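Me: Please take a close look at a single helix in this model and at how it packs against its partner. I would like one connected account, with the confidence of the prediction kept in view.

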Amino acid sequence: MIGRLSGLVLGPVVALALAGCQETTATAERPRVDAPGVPVSVQSISGAPDQVTTRFASMLGEAAAERKMEIVAGNAPARFRVRGYLTAQPTEDGLTALAFVWDVYDEAKKRAQRVQGESLGKRGGTEDPWAGIDQTIVAKAASDSMDAIATFLVSVPAPEKPAATDAKGKTKTASAATGKRS
């Protein structure tokens, strides 16, 4: 089921990538950041039951669209690729925490960024912490995830374009490229 989710839901819905070894922890409310024009692919979301993963992937896609993020299918060219992990656990004060970790990878498959945080909600009343994860908690975690990823995306400079080359493979100078002579 997860393999099918990765191809059908996660690929087109979520495409995110973090490069480097920096870490960001979600402890306070993040401002919403728009990140248009940076192709991102969500490669996987693991750790949660299928129904939570499906709900989370859908809400993650909505959060990305709100931030004008360009989400591409898993096999499409993307500047960044994102892999996420979800976990649920009871807190000491009787709530349930939905924790998320996102690793964002660049085109060279090097981790550029790690984003993590949690969303708190009601106690599930059973031994299974996933029972306390409702739509509100999932929506907040998806929104916080996209805010953190978008913040990273807008902080990364655009890649430099390679210099133009002629038919013989030589690099053209600005004057040669425009046809002017010095």
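Reply: The protein has four helices and six strands, and along the sequence these elements follow the pattern α-β-β-α-β-β-β-β-α-α. Of its 182 residues, 38% count as buried, and among the contacts with a separation of 6 or more, 76% are between residues 24 or more positions apart.

The model is a predicted one, with a mean pLDDT of 76 and 68% of its residues at 70 or more. Over residues 1-28 the pLDDT is below 50, although this stretch has 111 contacts in the model beyond near neighbours in sequence. A second stretch, residues 173-177, also stays under 50, and for it the model has three contacts beyond four places in sequence. Where pLDDT is low, the predicted coordinates should not be read in detail.

The helix to examine is α2, which covers residues 50-66. Helix α2 has 17 residues and reaches 24 Å from its first C-alpha to its last, close to the 24 Å expected at 1.5 Å a residue. Its buried residues are V52, T53, F56, A57, M59, L60, G61, A63 and A64. An α-helix has 3.6 residues a turn, so residues three or four places apart point the same way. Just after α2, K68 takes a positive phi of about 60 degrees.

The partner of interest is helix α3, residues 135-155, whose axis comes within 8 Å of the axis of α2 and crosses it at roughly 45 degrees. The two helices are therefore oblique to each other, and α2 passes α3 in a right-handed crossing. On the α2 side the contact is made by V52, R55, F56, M59, L60, A63 and A64, while α3 contributes Q135, V138, A139, A141, A142, S143, S145 and M146. Among the α2 residues in this contact, V52, F56, M59, L60, A63 and A64 also appear in the list of buried positions.

Away from this helix pair, strand β5, residues 96-105, holds V104. This valine is buried, with a relative accessible area of 0%. V104 and G84 lie 20 residues apart in sequence, and their C-alpha atoms are 8.8 Å apart in space.

Terms used:
Residues are numbered from 1 along each chain as its sequence is written. This is a predicted model: local features need pLDDT of at least 70, side-chain atom pairs count only at pLDDT 80 or more; totals for chains, interfaces and linings use all residues. Side-chain values use heavy atoms; hydrogens and water are left out. pLDDT is the predictor's confidence in each residue, from 0 to 100. Contact means heavy atoms within 4.5 Å. The expected span of a helix is 1.5 Å times one less than its number of residues. Buried means under 20% relative accessible area, exposed over 50%, partly exposed in between (1.4 Å probe, protein chains only). Axes are lines fitted to C-alpha atoms, for helices over the stretch in contact, and angles run from 0 to 180 degrees between N-to-C directions. Angles under 35 degrees count as roughly parallel, over 145 as roughly antiparallel, 65 to 115 as roughly perpendicular and the rest as oblique. A crossing is left-handed if the near helix is turned anticlockwise from the far one by less than a right angle, and right-handed if clockwise.
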